[in-house]
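This briefing goes through one protein model by topic, from the sheet and its packing to the buried cores and the charged pairs. Please keep the sequence and the structure at hand while reading.

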Amino acid sequence: LLPNAVAKGAVCLDGTAPGFYWRPGTGSGANSWIVFQQGGGWCYDEDSCVDRSKTRLGSSKYFPTSMRFGGLLSSDCTTNPDFCNWNVAYLPYCDGASFSGNKDEPLVWKGATLYFRGKRILDAIFDHLLDGPMGKAEKIILSGCSAGGLATYLHADYAAERTPKGATFHAIADAGYFIDAPNAAGQQHIRPLYQYVYHMQNCSGGVNQDCIGATTEADRWQCFMAQYTLPHIRSKFFVLNSEYDTWQLGNILQLGCTPPKCNAQQMAAFEKWHTTFLTALSPAVNVTTRGVFTDSCLIHCQGENDEVWNSYKIGNQSIRETFSNWYFDRSTGEGREIDCAYPCNPSCVHHTSKKIHNHRLRNFASDMFQHENVEF
């Protein structure tokens, strides 16, 4: 924990100190870092923020003493050969708005006091890391899953600007490309929720500032969404996402079924979703220097699971291989892979039976981590 951060106003929803988990790098990875932002949805209104403040996604009182890492974060060099010996700084998520809120005055709501200070938490953690071992970093990768994936879009250029002189910076966002799209009934369901979070937590100073500068005041809430932010990101960036992300199918499209066990009307909405998603993805696809891996698997978050990291493929190339090809600029494979439509991809077979659920108001983290425990 970072008790000194409290004096700077960098606190979780309930006013407790933020913190991070650190696994030191070794050997050739001693000065290389992955900074990973935890996911876990958002609190969409004051009531849900009060509820969240009583969980590990809103209070450091409930942070576990250790975390288990897999996929990109794994220390197993057989499943993660390129990054297994890197430092990992894992940032637990306790502000409810993807590390972007910055409201000076606390909010008293139904007897509870709430603090919207996610951007200050990010500042405090970077201050601490850069004053310590990350100050000697030669390579930094910013990443995150789900709400942490969105945070990667929001904060990539901020993190790049804070990278030590001479060090390289890259970002990979996992399952953070939540799109601004209507639900299956044609209603704008997700947009007002993001708008409310943006204004409730005063996120204007905690998102990509080039986006803010290029957008009218009325539309600046868009800078809290990946598809509107990505065109303004100057950093080297890799997009990892399912084109049929299960969280989005349940909470944005509100499909109400799990394909293929859907009626004809639901399947038509599902198929239309794919076209909508690919259209929204154009800021990633149209810039050839950006890395891309978007598969047709029914899944949410792929980069933290060893099996998915290595076995989900487009053509003959896994997520791990595609990211590494892009990161290291390898000529032996592609760094950009966009899948065909569901259900074309045979590597998805083990996960296509996953049920799609709606967790809109109670989306507390359920991420699974594999391998070593890392102490808090």
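Does K8 count as buried or exposed? At 52% relative accessibility, K8 counts as exposed, and since this is a predicted model, that statement, like the others below, describes computed coordinates. The points that follow begin with the central sheet and end with the salt bridges.

**The sheet**

- An open sheet is formed by 8 strands in the order β1-β4-β2-β7-β8-β9-β10-β13, and the pairing within this sheet is mixed.
- The edges are taken by β1 (21–23) and β13 (336–338), each of which has a single partner strand, so one side of each is left without a neighbour in the sheet.
- From one strand to the next, the twist averages 15°.
- Strand β10 (residues 291–295) pairs with β13 in the parallel sense over 3 bridges, and within these two strands T294 stands opposite I338 of β13.

**Helix α11 on the sheet**

- Helix α11 packs on the sheet, where it touches β7 (139–145), β8 (168–174), β9 (236–242), β10 and β13, and its direction makes about 165° with that of β9.
- The helix, which spans residues 319–328, is mostly covered, as 8 of its 10 residues are buried; these are I319, R320, T322, F323, S324, N325, W326 and Y327.
- After α11 comes D329, a residue whose phi is positive, near 55°.

**R336 in the edge strand**

- R336 is found in strand β13 and counts as partly exposed, at 25% relative accessibility.
- Not counting residues up to four places away in sequence, R336 touches A284, V285, V287, T288, R290, G291, V292 and T322.
- The side chain of R336 reaches the backbone oxygen of R290 at 2.7 Å, while the backbone oxygen of V287 lies 3.1 Å from a polar atom of the R336 side chain.
- R336 and R290 are 46 residues apart along the chain, and their C-alpha atoms are separated by 7.7 Å.

**Nonpolar cores and a buried serine**

- The largest nonpolar core has 110 residues, and those with the most contacts inside it are W42, F224 and F323.
- Helix α3 (residues 147–162) contributes the largest share of this core, namely 8 residues.
- F323, leaving aside its neighbours within four places in sequence, is in contact with L72, F83, I141, I172, F238 and W309.
- Another core, of 8 residues, lies apart from the largest one and has C49, A112, L114 and M200 among its members.
- S59 is placed in the loop between α1 (46–52) and β3 (66–68), and this serine is buried, with a relative accessible area of 0%.
- Leaving aside neighbours within four places in sequence, S59 is in contact with C12, D14, T16, S53 and C94.

**Salt bridges**

- Side chains of opposite charge can pair when their charged atoms come close, and a search of the whole structure finds 10 salt bridges.
- K8 forms a salt bridge with D127, in which the closest N and O atoms are 3.8 Å apart.
- This pair links distant parts of the chain, because K8 belongs to the segment before β1 and D127 to helix α2 (residues 118–131), 119 residues apart, and D127 counts as partly exposed at 24% relative accessibility.
- R120 and D104 meet through their side chains in a salt bridge of 2.4 Å, N to O.
- R120 lies in helix α2 and D104 in the loop between β4 (87–91) and β5 (107–109), so the pair ties together parts that are 16 residues apart in sequence.
- Within that pair, R120 is buried, with a relative accessible area of 19%, whereas D104 counts as exposed at 55%.
- The side chains of K119 and D123 also meet in a salt bridge, at 2.9 Å, N to O, and these residues, being 4 residues apart in helix α2, are separated by about one helical turn.
- K119 is buried, with a relative accessible area of 13%, while D123 counts as partly exposed at 23%.
- D157, E161, D210 and R234 are joined into one network by salt bridges that share partners.

Notes:
Residues numbered from 1 in each chain as written. Predicted model: local features only at pLDDT ≥ 70, side-chain atom pairs only at ≥ 80, totals over all residues. Heavy atoms only, no water. Buried < 20%, exposed > 50% of the residue type's maximum accessible area, 1.4 Å probe, protein only. Pairing = 2+ DSSP bridges. Axes fitted to C-alpha atoms, helices over the stretch in contact; angles between N-to-C directions. Contact = heavy atoms within 4.5 Å. Core = buried A, V, L, I, M, F, W, Y, C linked by side-chain atoms within 4.5 Å. Salt bridge = Lys/Arg side-chain N within 4 Å of Asp/Glu carboxyl O. Polar contact = N/O pair within 3.5 Å; in protein donor to acceptor, adjacent residues only side chain to side chain.
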